[in-house]
Amino acid sequence: MSVLKLCLLSSEIVPYAKTGGLADVAGALVRNVSALRHDVRAFTPLYPIVRRNYPDLQPVLGAQRVPLRIGDTEYGFSLLTCAYPGSDAPVYFVDCPALFDRPGLYTNDPDEHRRFLLFTRATLEGCRRLGFSPQVFHCNDWHSAFLPLYLRTLYASDSLLARAKSLLTIHNIGYQGVMPSAAAADVGPASVWALLDQGDFGRGGINALKTGIRHAHRVSTVSPTYAREIRETPLGMGLESALRERTDRVTGILNGVDYQAWDPRHDPHLDAHFNPEDLRGKLINKEMLTATLGLKIATSRPLIGMVTRLTEQKGIDLLMDALPDLLQARDFGLVVLGSGDSKYSGFFESLAQRFAGRVSYRTGFDEPLAHLIEAGSDIFLMPSRYEPCGLNQMYSLRYGTIPVVRNTGGLADSVQHFDPGTGRGTGCVFNDYDAPAVRWAINTVLDWFAIPSIWAQLQRNAMAQDFSWTRQIQEYEALYRGLA
Ligand code: ADP
Ligand code: GLC
């Protein structure tokens with residue numbers, strides 16, 4: 001089979017910069033596609049955290065201080081590079097301090113759209129400077145969703161790029177990159193505006209993700225169920241009809257798990273390892289977790305874990321209703337690691353005060369603690385309002401940490417509700433987005449925990465699941481090949 005030439009764009013990639021699952025998936029794609037011997041190159045912004053942690057990045061000759069105009073401002077960008085860990089694939093970092101030297105990866109600044117328009121244009125210009133002619137540009141989320149339109153306009157007669165195809169993967173339709181119509185000059189010249197959604201434009205907005213959906217050669221999302229939900233239900237968040245217009249070009253591919261990083265047999269963040277045949281290490285992790293967090297619950301009592309961005313998407317509103325009563329009524333511990341909305345962090349802070357010794361809340365981004373929570377908890381809670389794929393429920397299965405999830409998106413595609421009658425199933429799945437449903441689910445899983453034979457069966461089922469990338473990557477390879 002011939003070698004494919006691919007260019008992947010992502011606003012975050014592990015191990016360099018991460019706020020959520022997009023970074024895990026982008027990193028896994030680069031490594032696994034490269035392992036298939038394809039020529040894959042990744043582009044991502046150079047954030048201050050990357051500059052600090054990776055001082056040895058090499059400047060790319062011929063791609064230094066390249067002028068690039070966005071609207072009325074002349075920016076300059078440079079490319080720095082290194083090989084992606086464990087592969088030959090180059091990663092190119094777009095260095096533009098005027099736009100990327102900000103405290104976080106994402107901002108609420110008025111020029112947020114410019115940051116990622118520059119990133120997208122710099123990738124295209126960078127390919128030209130490198131003499132790299134990808135067959136497929138793989139765009140991810142709104143941050144690079146203008147690229148398909150640029151290929152059809154600004155680069156339509158470029159000798160290197162004119163024949164390239166584009167794939168847009170939607171990781172989260174809740175973030176669409178909407179900018180005011182006044183930003184049209186930033187987006188490009190009149191030839192570009194002419195192809196924007198004129199209805200939206202007239203109403204005062206430009207929607208980056210919608211633009212990508214309309215102009216990409218193919219669109220994918222990160223689970224089959226979410227692919228259906230965003231076309232057929234309000235979970236499309238206003239883009240249902242844009243997706244339906246391209247329905248034969250839209251597919252759902254479930255994310256995989258990087259078991260090099262997320263496997264209790266050899267997880268580098270754990271002191272005690274374990275496997276389905278010998279779970280003693282899991283108990284040691286539970287003891288370490290409770291000791292680290294100052295919890296006073298006995299190891300025989302069930303411990304529920306959560307690692308999450310604190311946003312409306314993640315279903316915390318349901319927990320605000322359900323958890324206080326449940327903690328009154330039943331004897332279990334809860335550990336939460338999360339960062340985001342103050343409404344939700346305030347809730348968990350007050351819960352930790354009220355149930356001191358039984359509830360712990362840690363804020364900030366803490367990779368080692370995320371692994372310890374996966375390993376040391378008995379139950380993992382993901383009551384998401386919507387979930388394009390979700391990774392933590394799949395990590396949890398591997399660690400014998402039984403997921404409690406809502407029946408939506410990738411959660412529905414990766415967790416089967418347990419039936420004590422047949423002994424089949426891997427977790428607890430509830431349907432309705434309301435407090436009684438999540439209350440029912442938590443009560444149910446706590447009842448299962450109380451019966452050792454049932455719990456052992458559930459853990460065996462969960463740990464036998466395989467969501468490795470080796471399988472999922474073939475679906476992407478087929479998609480790339482179809483496009484190329
Ligand atoms: P999303 O991308 O919507 O946040 P996913 O389940 O796909 O949801 O991926 C979340 C990823 O981010 C997981 O790898 C999870 O462990 C990690 N994560 C989320 N919040 C934190 C945090 N506060 N500290 C460390 N890791 C976190
Ligand atoms: C998004 C989604 C999450 C998904 C991740 C990686 O952040 O919220 O469900 O797993 O992207 O695709």
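What is the volume of the largest cavity? The largest cavity has a volume of about 40 Å³, and a search of the whole structure finds one cavity of 30 Å³ or more. Before we go on, a word on conventions: this is a predicted model, in which local features need pLDDT of at least 70 and side-chain atom pairs count only at pLDDT 80 or more, while totals for chains, interfaces and linings use all residues. Residues are numbered from 1 along each chain as its sequence is written, chains are lettered from A and ligands numbered from 1 in the order in which they are written, and side-chain values use heavy atoms, with hydrogens and water left out.

## The cavity

A cavity here is a set of points, on a 1 Å grid over the protein atoms alone, where a 1.4 Å probe fits but cannot get out; lining residues have an atom within 4 Å of a point. Grid points are joined across faces, edges and corners, and a volume is the space filled by probe spheres set on the points.

The lining of the largest cavity consists of Leu196, Asp197, Asp200, Gly205, Ile206, Asn207, Lys210 and Thr211. Strand E10 (205-207) and helix H9 (208-215) are the elements that give two or more residues to this lining, and E10 has the largest share, with three residues. Helices (H or I, at least four residues) and strands (E, at least two) are DSSP runs, numbered from the N terminus. By class, the cavity lining has two nonpolar, three polar and three charged residues. For these classes, Ala, Val, Leu, Ile, Met, Phe, Trp, Tyr, Cys and Pro count as nonpolar, Asp, Glu, Lys and Arg as charged, and the others, Gly among them, as polar.

## Ligand 1

Let us turn to the ligands. Ligand 1 is surrounded by 20 residues, and the closest are Gly21, Arg309, Lys314, Gly364 and Leu391; a residue is near a molecule if one of its heavy atoms lies within 4 Å of it. The shell around ligand 1 has seven nonpolar, seven polar and six charged residues. Helix H1 (21-35), strand E13 (303-310) and helix H16 (392-398) each supply at least two residues of that shell, and the largest share, three residues, comes from E13.

Domain 1 (5-256 + 469-483) and domain 2 (280-463) both give residues to the shell around ligand 1, so ligand 1 lies between them. The domain bounds come from an automatic or database domain assignment.

The table lists polar contacts of both ligands, a polar contact being a pair of N or O atoms within 3.5 Å.

| Ligand atom | Protein partner | Distance |
|---|---|---|
| Oxygen of ligand 1 | Gly21, backbone N or O | 2.6 Å |
| Oxygen of ligand 1 | Asp24, side-chain N or O | 3.3 Å |
| Oxygen of ligand 1 | Leu391, polar backbone atom | 2.8 Å |
| Oxygen of ligand 2 | Gln313, polar side-chain atom | 3.0 Å |
| Oxygen of ligand 2 | Cys389, backbone N or O | 3.0 Å |
| Oxygen of ligand 2 | Gly390, backbone N or O | 2.8 Å |

Taken alone, ligand 2 exposes 310 Å², and the protein buries 94% of that. Accessible areas come from the Shrake-Rupley method with a 1.4 Å probe.

## Ligand 2

Around ligand 2 there are 13 residues, of which His171, Asn255, Glu387, Cys389 and Gly390 come nearest. By class, this shell has five nonpolar, six polar and two charged residues. H1 provides the largest share of the shell around ligand 2, three residues. Why does ligand 2 lie between domain 1 and domain 2? Both domains give residues to the shell around ligand 2, so that is where ligand 2 lies.

## The second largest pocket

A pocket is an open set of grid points with protein on both sides within 12 Å along at least five of seven lines. About 620 Å³ of space lies in the second largest pocket. Its lining has 29 residues, with Val14, Pro15, Lys18, Asp24 and Glu367 nearest its centre. By class, the lining of this pocket has 18 nonpolar, six polar and five charged residues.

H1 and helix H15 (367-376) each supply at least two residues of the pocket lining, and H1 gives the most, with five residues. Domain 1 and domain 2 both contribute to the lining of the second largest pocket, so this pocket lies between them.

## Backbone details

Pro15, in the loop between strand E1 (5-9) and H1, is joined to Val14 by a cis peptide bond with omega of about 5 degrees. Arg37 is in the loop between H1 and strand E2 (39-45), and its phi is near 75 degrees, a positive value in a residue other than glycine. Most residues other than glycine have a negative phi, and most peptide bonds are trans.

Methods. Polar contact = N/O pair within 3.5 Å; in protein donor to acceptor, adjacent residues only side chain to side chain.
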